[in-house]
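Work through the exercises below with the sequence and the model open side by side, and attempt each task before reading its solution.

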Amino acid sequence: MIDKVYCADVTPEMEGKRVKLAGWVYRKREVGKKVFIVLRDSSGIIQTIFKKELSEEAYAEAKKVGIESSVIIEGTVKADPRAPTGVEVQADKIQILQNVDFFPITKDASEEFLLDVRHLHLHSPKVAAVMKVKATMMQAAREWLLQDGWYEVFPPILVTGAVEGGATLFKLKYFDKTAYLSQSAQLYLEAAIFGLEKVWSLTPSFRAEKSRTRRHLTEFWHLELEAAWMDLWDIMKVEEELVSYMVQRTLELRKKEIEQYRKDDLKTLKNTVPPFPRVSYDEAIDILQSKGVEIEWGEDMGADEERILTQEFEAPFFVYGYPKGIKAFYMKEDPEDPRKVLAADMLAPEGYGEVIGGSQREDNYDKLVERIIEEEMDPKNYEWYLDLRKYGSVPHSGFGLGLERLVAWVLKLDHVRWATLFPRTPSRLYP
Ligand SMILES: NC(=O)C[C@H]([NH3+])C(=O)NS(=O)(=O)OC[C@H]1O[C@@H](n2cnc3c(N)ncnc32)[C@H](O)[C@@H]1O
Ligand SMILES: [Mg+2]
């Protein structure tokens, strides 16, 4: 590894110190017999200046480099309030690892072009900022899960059945059998609670969603938890504590990156502390109808309805008590109202909507068989899952958090695709 210092670690207090930097040419301009190169690495940028009188050779080389060329630069630190970071390096040596005559991404690049060259778009410090925020959100999640006694498990991705409806399964040939890409690790997490009680996983989930909305990917990162002995209200508390910790910790560690995207007062992020507001599905329908939305009790809320509902809140909030007819087979019927299930979604404010889907699971064998048949599925395909209700069944609940959706809200991205390294949508499988 090159014994370099990071751009962001060069400070005015290091005046007179000799440093070696390695990175990519971010900006370049020539003024008289000087070349200014703003160097970029993963930590940030720093201005370097090449003066002919200091080193003719380095000056001549510096004149050659193009934007995004990979270089190693050596020189002496000089405090300069005019430089972008208040300090610059008076360079006397440059090694060009690979010169770039023309970098394809220009200021006027369209979103579609940026997606076509996503592998080059990852050079961008603004894109790197998204990935740093996403990484910090997961670092925070891991911190919270560890201290709260949850075990990480590693469920399969090659599976034999649907969790969230057969319409969005990706099917593949598995030797002489048929397999599917996992829509959710949930069913396997439910098996894991009989030994570990509180489990979690971060896996890619796959949905053959044809809907081309700003919040759907065909592959997304899915943070899922499952806990024995917990009911819906218990798991909602887990959700708000986890999400609060993720958001507050990321505000603490990545405020600079967040402010590259959010030009507001960060109020909704600061408001993300427990307890989150809770509205019933019935109340949500009343709110929407009072705002002129044409929606009847029993209908699902789509992105548009959720967007309107979020206008009532300035922090994430829960909607609970959905009608059975619009929710999945595994959800436990509400004993107080058989029309409903013990399910709750967490919606992010500012129009973002659903970031978490969760519920208490049906733990009674016969009722679960009934629900599977009601949903016109074959109980034979879920024999192993039904076994979980035959050998020491317990009340249990869990949820799934869409990581890209949470990041999209935190950074106010206009599409969830910008929250993932290489977006997968119905029209995008390459690069
Ligand atoms: N363990 C569980 O209980 C999870 C449960 N089986 C489940 O998959 N619920 S979910 O379909 O609402 O998806 C959960 C979350 O997963 C995200 N999600 C769900 N589908 C997508 C797509 N297509 N793109 C991006 N993100 C998606 C979104 O935030 C949802 O709230
Ligand atoms: Mg959902």
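The exercises that follow treat domains, cavities, a sheet and ligand contacts in turn.

This is a predicted model, in which local features need pLDDT of at least 70 and side-chain atom pairs count only at pLDDT 80 or more, while totals for chains, interfaces and linings use all residues. Residues are numbered from 1 along each chain as its sequence is written, chains are lettered from A and ligands numbered from 1 in the order in which they are written, and side-chain values use heavy atoms, with hydrogens and water left out.

**Exercise 1.** State the bounds of the domains and the separation of their centres.

*Solution.* Begin with the domain assignment, which is automatic or taken from a database; it places domain 1 at 7-98 and domain 2 at 118-419. Then take the centres over C-alpha atoms, which lie 46 Å apart.

**Exercise 2.** Describe the cavities found in the whole structure and the classes of residue that line them.

*Solution.* First fix the term: on a 1 Å grid over the protein atoms alone, a cavity is a set of points where a 1.4 Å probe fits but cannot get out, and lining residues have an atom within 4 Å of a point. The search gives 2 cavities of 30 Å³ or more, a volume being the space filled by probe spheres set on the points, which are joined across faces, edges and corners.

Next, take the largest cavity, of about 90 Å³, whose lining includes S184, Y188 and W384; by class this lining has 6 nonpolar, 6 polar and no charged residues, with Gly counted as polar.

Finally, turn to the second largest cavity, of about 40 Å³, which is lined by M331, K332, E333, E362, K367, E370 and R371. Here 6 residues are charged, 1 is nonpolar and none is polar, and helix α11 (365-374; a DSSP run of H or I, at least four residues) gives the most to the lining, with 3 residues.

**Exercise 3.** In what order do the strands of the open sheet lie, and which are the edge strands?

*Solution.* Strands are DSSP runs of E, at least two residues, and two of them pair if DSSP finds at least two bridges between them. The order is β7-β9-β8 with antiparallel pairing, and the edge strands, each paired on one side only, are β7 (158-159) and β8 (171-174). Between β7 and β9 (177-181) there are 2 bridges, and L158 has L181 as its bridge partner in β9.

**Exercise 4.** Which polar contacts (pairs of N or O atoms within 3.5 Å) does ligand 1 make with S184, R361 and F399?

*Solution.* The side chain of S184 places an N or O atom 3.0 Å from a nitrogen atom of ligand 1. The side chain of R361 has an N or O atom 2.8 Å from an oxygen atom of ligand 1, whereas for F399 a backbone N or O atom lies 3.3 Å from a nitrogen atom of ligand 1.

Terms used:
On a 1 Å grid over the protein atoms alone, a cavity is a set of points where a 1.4 Å probe fits but cannot get out, and a pocket is an open set with protein on both sides within 12 Å along at least five of seven lines; lining residues have an atom within 4 Å of a point. A polar contact is a pair of N or O atoms within 3.5 Å; within protein, one must be able to donate a hydrogen and the other to accept it, and residues adjacent in sequence count only if both atoms are side-chain atoms.
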